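Work through the exercises below with the model open. Try each task before reading its solution.

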Amino acid sequence: MASQQEEGDLPQGFVRLRDVLDQKFVPGHIVNVIGSIIDTQALFKTSKDWKTTWSLMDWSVEDECYGVKLNIFRPRETDIPQIAYQDVVVVHRVKVQRYGGNMSFITNHQTTIRVYESSKIPRPPESASVALRPCTKKDERPELTEEIHHFVAAFYHKLDKTNAPSEEVFRQAARQSANVKDKFSLLQDVQAERFYDLIVRVVRAPHFDFDNKATLYVSDYTENPAFHDHIPENLDASQDGDVYGYTWEEPAPVAERWIAPEGKKSLQVTCWEPHSRALQEDVKLGSWIGLKNVQIRLGHDYKYLEGFVREDRTYPNRINVYPLNLDDRENMDDRLTAALRRQQAADKEKKKVIKDIKSAQVAGQKRKASQVQAIEDQPALKAKQRRAENRAKKKEEKARQNVVSAAPVAPSTKSDPPKQNPTQDVTLAGNRQIFCEKSNVGLTTIESMLEPSFMKIKIDADTVEVQVPFVNKKYLTFVRVVDFSPSCIEDFAVSRKITQYQDLSDSENSNGSSLDEDESSGGDNDPTVKRAWEWRFSLLLEDALPADGSSPARVWVTVNNGAGQCLTNLDADDLRKNRKCRYQLQDIMHILWGNLEEVKAANGEKQQASKQEVNSKPGSRGSNGNRTQMPDLDSDEEKEEASGRGKESSSRLNEIRLVSKPFTCPIKQYGVRTGKKDEWMRVFAMDGVRIKDV
DNA sequence: GGTTACGGT
């Protein structure tokens with residue numbers, strides 16, 4: 001009951017520190033307090049004010065060694081009183097706050113502070129007024145009554161200071177606090193095995209596990225090469241009003257949603273108690289937060305840096321996660337302002353890319369209309385001649401592909417002049433490890449590419465538009481790979497006996513049927529017969545940017561040996577025998593199609609597709625009715641089937657989400673004979689794409 | 001604020 005009596009001893013209107021710690025006053029409450037200073041932090045300049053912190057002790061908290069913190073902010077350095085060890089302060093009208101998980105005081109304009117120099121405080125019943133230090137702040141009116149002077153003398157000499165730090169410790173602590181090591185860092189500068197204070201945005205909401213540990217992703221819109229490369233999914237031009245920018249065909253649940261900027265700009269952070277509690281209360285997707293003393297280390301896989309906010313062993317109550325207020329732009333921390341600017345710039349850039357993609361789509365439509373006229377110059381009946389030219393071109397290309405890598409479309413350095421070509425911006429939005437040949441062809445979509453081919457024919461004075469089986473034409477598309485064939489990667493290369501087919505005849509070369517894919521034809525297991533290996537596979541491509549509301553159009557494109565060499569930078573070989581080549585292929589294709597293999601495996605496509613690949617000769621259809629290589633003559637059917645299959649496929653693929661970066665892809669349309677006299681079908685082939693394994 | 005960092009995918 002001693003404390004009751006002590007409470008009674010406090011001058012009128014003053015509160016016990018214990019009651020503040022016990023949260024008897026809500027944050028924001030204004031109180032008067034008296035305490036002895038047991039700890040101090042050196043004065044320093046904030047972005048606006050001078051700041052110091054004192055720790056106060058009174059009878060009610062004398063059995064503890066920490067006291068209650070008083071945070072003093074004042075515009076001038078001289079406004080802050082000088083103090084010495086264990087000086088007694090009388091503080092009027094100070095605000096109670098909760099900061100870093102602890103209760104403390106913060107000054108405001110009304111707050112007055114008076115200090116009694118401890119070494120001069122006389123023993124009671126004398127008045128302590130003789131120990132009063134001069135008023136530092138000019139407008140500070142002394143409000144000290146005789147009652148207070150007498151109380152201070154009694155208070156100081158009665159206070160049990162055995163738990164308070166010694167004068168030596170006090171001095172040491174004060175000195176240490178002077179060498180303020182600013183641990184703030186941008187994410188771009190953090191290194192493993194160090195501790196940092198961060199100002200970041202939550203780009204993936206915290207996920208809490210059973211022991212309340214939280215995992216979240218944060219970004220300050222700076223890039224660190226040691227971070228995981230974030231791939232935004234399905235950048236969608238139809239969603240440019242979306243505040244999150246990157247959206248999904250079907251909105252992901254909030255818990256899984258990312259609003260991370262593209263690239264190596266996001267850090268995974270794990271927070272333990274008590275920090276995780278602060279996340280639970282105040283932090284959502286998109287929040288800006290301060291993180292203090294984040295330990296940076298390599299993650300479990302030793303590949304990427306991660307952050308850890310662990311319990312402070314010396315101060316287990318300390319919380320190093322705090323929400324940042326964006327409303328008061330005037331008094332905002334400069335570092336937060338800068339981070340917000342970076343976010344804004346990133347958002348703007350993203351919008352620009354989306355806009356450019358949209359206008360490229362529109363331009364593609366217009367171009368398509370004008371190209372119909374250009375076809376006039378290609379007489380329809382000179383197909384044979386065109387084929388010959390085509391073959392020559394292909395040979396040329398093959399030769400070139402073997403020597404020269406495809407030129408990147410994306411600007412290689414930041415110092416490049418600003419580019420107007422929309423495809424370049426598109427490339428920025430897509431997979432930066434995939435490059436394609438420079439092209440003077442504008443960007444178009446699979447959707448419009450699949451539209452029937454027409455050409456204009458002059459009959460006397462009239463021009464008639466005639467639908468034709470195919471045109472020779474190049475396209476540039478922005479796509480992702482959603483399926484491949486054959487389903488076994490080992491079958492991406494096929495062989496032929498060298499002796500038998502050394503000189504490929506025109507007809508064999510043009511429709512690709514020269515390749516011996518039949519085991520029973522002999523020679524495959526005959527070691528004396530040399531076999532040449534060639535790439536031959538197909539990829540199902542899907543528009544990465546479907547028009548508003550529509551499901552993306554898809555098309556199977558073939559990849560011939562030259563295109564395969566260019567794409568993978570590998571020479572074809574027997575992938576069942578040459579395991580190294582097989583793994584290299586798998587690694588490189590992973591860059592192109594992301595987790596497509598896993599998606600296919602998980603969705604049981606393997607069994608279905610292994611049958612289909614047996615028949616996968618150009619123009620044939622797999623047993624499941626899918627076109628594995630060549631589209632039909634009837635383009636209406638082709639389009640219908642392509643989109644129909646798309647739906648079916650995407651619902652199957654839903655079990656695991658396909659994660660891959662879209663890329664800019666040149667595609668060629670040309671024609672091949674069906675085998676029937678004068679019958680042609682159109683074929684799409686990927687060409688001039690290079691995956692860079694960096 | 002100085003130090004210093006486990007604990008779990």
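The exercises cover salt bridges, burial and one helix.

This is a predicted model: local features need pLDDT of at least 70, side-chain atom pairs count only at pLDDT 80 or more, and totals for chains, interfaces and linings use all residues. Residues are numbered from 1 along each chain as its sequence is written, and side-chain values use heavy atoms, with hydrogens and water left out.

**Exercise 1. Find how many salt bridges the rule gives.**

Solution. Start with the rule: a side-chain nitrogen of Lys or Arg lies within 4 Å of a carboxyl oxygen of Asp or Glu. Apply it to the model. The count comes to 24 salt bridges.

**Exercise 2. Describe the salt bridge between Glu167 and Arg171.**

Solution. Step one is distance: N to O is 3.0 Å. Step two is position. Both residues sit in helix α4 (residues 167–178), 4 residues apart, so about one helical turn separates them. Helices here are DSSP runs of H or I with at least four residues, strands are runs of E with at least two, and both are numbered from the N terminus. Step three is accessibility. Buried means under 20% relative accessible area, exposed over 50%, and partly exposed in between (1.4 Å probe, protein chains only). Glu167 has 35% and is partly exposed. Arg171 has 48% and is also partly exposed.

**Exercise 3. Is Asp574, the salt-bridge partner of Lys577, buried or exposed?**

Solution. Check the pair: the closest N and O atoms are 3.7 Å apart. Then classify each side. Lys577 is exposed, at 67% relative accessibility. Asp574 is buried, at 15%.

**Exercise 4. Locate the two partners of the salt bridge between Asp687 and Lys668.**

Solution. The N to O distance is 3.1 Å. Asp687 lies in the loop between β23 (680–686) and β24 (689–691), while Lys668 is in strand β22 (residues 663–673). The two are 19 residues apart, and the pair links distant parts of the chain. Now take accessibility. Asp687 is buried at 8%. Lys668 is buried at 13%.

Next, look for shared partners. Salt bridges join Asp87, Glu117, Lys120 and Arg133 into one network.

**Exercise 5. Characterise helix α12 from start to end.**

Solution. First, coverage: α12 spans residues 561–568, and 8 of its 8 residues are buried. Among them are Asn561, Cys566 and Leu567. Second, the start: a side-chain oxygen of Asn560 reaches to within 3.1 Å of the backbone nitrogen of Gly562. Third, the end: Asn569 follows α12, and its phi is positive, near 60°.

How values were computed. Chains are lettered from A and ligands numbered from 1 in the order in which they are written. A polar contact is a pair of N or O atoms within 3.5 Å; within protein, one must be able to donate a hydrogen and the other to accept it, and residues adjacent in sequence count only if both atoms are side-chain atoms.
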